[in-house]
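Student: Could we go through this model together, one helix and one sheet at a time?
Tutor: Happily! Let's look at it first.

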Amino acid sequence: MSEYYVCTGCALLCDDIEVETEDNKVIKVHAACRKGVARMKGCSDSMECTIDGEKAEVGDAIQKAAGILGNAENPLIFGHGNSSSEAQKRSIDLAKRTGAYIDDTSSFCQGPIIEAILQDRIKTCTLDDVRHKADVIIFWGADPSNSHPRHLSRYSYFPRGKERQRGWEEDRTAITIDIRKSDTAVISGDTRFYQIPMAGDAEFMEALVSALSGKVPKTSYGFDVKRILELSNVLKKAKFGVICVGLGLIYSLEELEPLFTLMDKLNEVSDFNLIPMVGQYNMRGFDHNLFEETGYINRVKFNPETGEAEHGAEHSVVEALRSKAVDAALIIGSDPLSSLPLSVARYLAEIPLITIDPCRNLTATKSTVTIPCALGGVEAGGTAIRMDGVEIEMKKIIDTDNLSDEEILTRITEAI
């Protein structure tokens, strides 16, 4: 009987993956998408353990990292999206011990949506509910054909479910709302693709709410009123609808109130849920774990005297670096020097940096200490939270000499 593994290529965490190994290496991956195959075959450029650019023993690097964090007045701990939940909890413990800022990429992407879900402000469901029940799926500012290649085939559009035995076209309607005609929009078809101007999402939502309320929508962007009315009729008839929210929508909205209003109206006339299209495999896990510990999902600063969590925009990774409040940083499974604004990244490169990652990246090249860790879901097991909030157990596939990020963080904490 075949043994199945979990793919950590994205937050779908597909659990039906078969793997062939040889000489303790993954040589073939079955059922995974192109992103998953690349992830499970490992790094093209693996990290080395270094101190000040010179090769070092792991124990020495851990001691050096502990010294940097222990001597810093306001350290930053950032990353976490590619770490197991167990490692994330160790990271939170380390932040409390050192009075650190702690944040992740959700503070400038899907965080507000996840926070609204955890606060029961938005109705949500599981991907299994989508597969078995959903008859109307809206991809809003999302292109899963490229970002999550198995989303449409495994969960949302093409599969046959318990209540959707005929699958796509006959039993499901896919709608794409975006500023461009993406590959997902092509699958939805011209009649189900609604192209909106950049930053036009809030007004499109307002127009849709008017249509759902039986009013003729008025817009300044020149939306086709007839098509909005037709869309509202489709949504009213939905038996089980879901909106898959991508970064295109998140970045367009100055605040989430228009989305709250739309979801409330949809649930007056039908049954609609929302799922954030999370990218990194356990970004949602970090938000859940920090929320459980502090009541906040990101942008936290621990008081070094009391261990209490302080929360605010000024504690985000971007603002803390912009104000130069941070004097050392620990980066876990992330590459902020490649992704943060240049003005912020310049300052980050000037302070003592520690990188824990299985793969070498730009941030690692500028780090005082680099510690290679086991690749999550391949060389180390653990748990993670799927994009829909479901906890998934990951099994190790192959062995490695590298410690897991959980073990590294535990040893750093003990050394302080």
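Student: How far apart are the end C-alpha atoms of helix H10?
Tutor: Helix H10 covers residues 225–236, and helices (H or I, at least four residues) and strands (E, at least two) are DSSP runs numbered from the N terminus. The expected span is 1.5 Å times one less than the number of residues, so the 12 residues of H10 should span 16 Å. That agrees with the separation in the model, where the end C-alpha atoms are 17 Å apart.

Student: Before we go on, what kind of model is this, and how are residues numbered?
Tutor: It is a predicted model, where local features need pLDDT of at least 70, side-chain atom pairs count only at pLDDT 80 or more, and totals for chains, interfaces and linings use all residues. Side-chain values use heavy atoms, leaving out hydrogens and water, and residues are numbered along each chain as its sequence is written, from 1.

Student: Within what arc do the buried residues of H10 fall?
Tutor: Buried means under 20% relative accessible area, exposed over 50%, partly exposed in between (1.4 Å probe, protein chains only). In H10 the buried residues are Ile-228, Leu-231, Ser-232, Val-234 and Leu-235. Taking directions from the helix axis to the C-beta atoms, they line one face of the helix because they fall within an arc of 160°.

Student: Which residues does Leu-208 touch?
Tutor: Leu-208 is found in helix H9, and H9 is among the elements that cover the buried residues of H10. At 1% relative accessibility, Leu-208 counts as buried. With contact meaning heavy atoms within 4.5 Å, and leaving aside residues up to four places away in sequence, its partners are Ile-228, Leu-231, Ser-232, Leu-235 and Leu-262.

Student: Which strands stand at the edges of the 9-strand open sheet?
Tutor: Two strands pair if DSSP finds at least two bridges between them. The order is E4-E3-E16-E15-E14-E5-E6-E12-E13, with mixed pairing. A single partner strand leaves one side without a neighbour in the sheet, so the edges are E4 and E13.

Student: Which residue in E13 stands opposite Val-300?
Tutor: Strand E12 (residues 300–302) pairs with E13 in the antiparallel sense, over 3 bridges. Opposite Val-300 stands His-311.

Student: And in the hairpin of E17 and E18, which residue takes a positive phi?
Tutor: E17 (residues 382–385) and E18 (residues 391–394) are antiparallel partners over 4 bridges, with Ile-385 opposite Glu-391. There are 5 residues between the strands, and the one with a positive phi near 95° is Gly-389.
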